[in-house]
Amino acid sequence: MEKKRGQWNTRSAFVLAAIGSAAGLGNAWRFPYTAYANGGGAFLIPYFVALFTAGIPLIILEYAVGHKTQQGAPGAFKKIKETWEGLGWWAVLISFVIMSYYGAIMAWIWKYLAGSFSVAWKSGVADYFYKEVLHLSSGPGELGGFSIPVLIGIVITWAFIYYILRNGVTGVGKVVMFTVPVPVILLIVLAIRAVTLPGAIEGLTYYLQPDFSVLTDPQVWLAAYGQVFFSLSLGFGIMIAYASYLPEDSDITNNALITTFANCGISFLSGFGIFGTLGYMAQAKGVAVSEVVDAGVGLAFVTYPEAISLLPGGPVAQTIFALVFFLILLTLGIDSAFSITESVIAGFDDKWPGKKKKVIQLVCLSGLGAGLLFATKGGLYWLDIIDHFVNGFGLAVVGLFECIIIGWVYGPKNLREYINPISEIKIGAWWDIMIKYITPLILIWSVVNSVIQEFSK
Ligand code: PHE
């Protein structure tokens with residue numbers, strides 16, 4: 001008997017959930033730095049080229065594959081070609097790995113949110129992060145028991161993810177009505193406050209001043225592709241799983257474009273709040289902006305909190321600023337966490353249909369269980385190591401094989417003929433060329449480059 005697949009309640013629920021997945025921590029802590037390090041304003045050129053030659057073609061592909069097959073990644077590729085199920089499981093495996101450490105990052109955010117009320121890191125943020133929050137050991141070989149704050153944070157995060165996902169994606173459709181607009185509003189508030197700080201202009205100059213000479217550097221182009229790929233949550237099976245819950249008559253290309261451009265806007269906006277504040281911090285410390293810039297974990301949990309503790313206006317103003325910043329991270333991160341968990345759930349639910357409740361419980365429990373590694377005192381080392389490999393190789397490989405299966409096995413024209421009748425914006429033969437030649441060639445280049453970089457260290 002055909003079981004009825006859970007569905008999004010409204011089109012906006014799907015679109016918001018997809019934007020929620022795409023707009024994650026990477027928008028705040030990866031995009032601004034990547035732009036700064038790769039030509040400032042000039043980075044927008046490779047970035048948009050990457051969007052049109054890889055990001056948009058692939059998000060359309062993932063939506064179409066999910067929508068057409070009504071399956072998560074493994075079932076979807078299996079339906080397209082029996083022998084390709086493994087590709088979907090590879091995507092699910094990557095999702096599982098990332099979801100397990102996402103819980104730890106969310107845990108740190110909870111801890112900082114609680115600490116915001118007293119600006120708890122005031123007397124030394126590095127000590128606060130590495131000692132009080134992480135209780136960091138001396139290396140990955142030494143796990144050294146659990147950091148209690150991180151452990152508690154992980155449990156809270158998983159309880160929350162389970163609560164939202166326990167009845168399928170409809171729960172996600174409801175929370176994203178808040179978790180997508182809230183960070184956007186708060187990012188605007190943050191940007192306004194940041195750019196009116198003394199020294200902000202100097203920071204923004206670092207973010208935006210174009211240096212066109214970098215455009216001849218292949219690494220800058222690869223950075224743009226990497227950013228686009230990661231930012232649109234491609235190659236995780238996420239967009240396939242989310243699109244599999246769409247009703248039959250849903251538009252594909254329009255939804256893909258809305259997701260893409262909303263995500264770009266959120267990335268670009270983040271840079272103002274980040275670099276405005278960094279400009280202030282550099283001035284307050286009497287150093288160049290380049291001395292304080294940072295990305296990723298270091299930016300969010302060390303540099304930026306330190307900047308907050310240097311802000312004018314006393315403890316109340318600093319607390320408000322800190323709450324705004326960590327609420328942004330929390331709301332950006334949590335719906336990315338839902339999406340990545342759902343990618344895993346969809347994979348197993350399709351494989352063993354009819355036991356969705358059990359699958360959800362098991363997936364959440366395993367995410368929590370695997371996440372315990374990152375709650376140990378050696379957790380940060382493991383997070384770095386795993387993140388490096390997953391992002392360097394995992395995603396691009398999935399994207400590459402997606403292009404091969406649709407471009408060379410199934411036929412891009414066949415998928416396009418499925419997409420166009422249900423979509424308002426029609427895609428032309430350019431899409432076939434992208435999926436068949438351009439996008440896979442770029443992905444091969446990117447994987448080969450990662451391998452070379454790895455061995456030339
Ligand atoms: N797209 C998210 C970001 O830019 C990252 C992400 C990765 C989200 C994996 C979900 C899953 O931060």
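Is Val119 buried, exposed or partly exposed, and how many other C-beta atoms lie within 10 Å? The points below take up this question after a general view of the structure.

1. Status of the model. The structure is a predicted model. Its mean pLDDT over the protein chain is 95, and 99% of the residues reach 70 or more. The scores for the model are ipTM 0.97 and pTM 0.96. As a general caution, predicted coordinates should not be read in detail where pLDDT is low.

2. Overall fold. The protein chain contains 21 helices and zero strands. Its radius of gyration is 21 Å, close to the 23 Å that the globule rule gives for 457 residues, so the chain is as compact as a globular protein of that length. Along the principal axes, the C-alpha atoms fill a box of roughly 65 × 50 × 45 Å.

3. Burial and contacts. Of the 457 residues in the protein chain, 54% count as buried. Among contacts with a separation of 6 or more, 85% join residues that are 24 or more positions apart.

4. The ligand. The ligand is surrounded by 15 residues, of which the closest are Gly24, Gly26, Ser231, Ser336 and Ile340. Helix H1 (11-22), helix H2 (25-29), helix H12 (218-231) and helix H17 (314-351) are the elements that give two or more residues to this shell. By class, the shell has seven nonpolar and eight polar residues, and no charged ones.

5. Val119. This residue is found in the loop between helix H6 (85-116) and helix H7 (125-133). Phi of Val119 is near 40°, a positive value in a residue other than glycine. In general, most residues other than glycine have a negative phi. The answer to the opening question is that Val119 is partly exposed, with 19 other C-beta atoms within 10 Å. The class follows because a residue counts as buried at 20 or more such atoms and as exposed at 12 or fewer.

6. Ser233. A second positive phi belongs to Ser233, with a value near 55°. Ser233 lies in the loop between H12 and helix H13 (238-243). With 28 other C-beta atoms within 10 Å, Ser233 is buried.

7. Helix H19. Where is the kink in helix H19 centred? Helix H19 spans residues 379-410, and its kink of about 35° is centred on Val390. After H19 comes Gly411, whose phi is positive, near 100°.

8. Ile345 in helix H17. Ile345 has its place in helix H17, an element that also contributes to the shell around the ligand. Ile345 counts as buried, because 24 C-beta neighbours lie inside 10 Å. Leaving aside neighbours within four places in sequence, Ile345 is in contact with Leu165, Val359, Ile360 and Val363. From C-alpha to C-alpha, Ile345 and Ala262 are 26 Å apart in space, and they are 83 residues apart in sequence.

9. Ile442 in helix H21. Which residues does Ile442 touch, not counting those up to four places away in sequence? They are Thr53, Ala54 and Tyr225. Ile442 is placed in helix H21 (residues 429-455) and counts as buried, with 23 C-beta neighbours inside 10 Å. The C-alpha atoms of Ile442 and Trp221 are separated by 9.9 Å, although the two residues are 221 residues apart along the chain.

Methods:
Residues numbered from 1 in each chain as written. Predicted model: local features only at pLDDT ≥ 70, side-chain atom pairs only at ≥ 80, totals over all residues. Helix = DSSP H or I, 4+ residues; strand = E, 2+ residues; numbered from the N terminus. Rg over C-alpha atoms; globule rule 2.2 N^0.38 Å. Contact = placed C-beta atoms within 7 Å. Bend = angle between axes of the 7 residues up to and from the residue. Near = placed C-beta within 6 Å. Nonpolar A, V, L, I, M, F, W, Y, C, P; charged D, E, K, R; others polar. pLDDT = per-residue confidence, 0-100.
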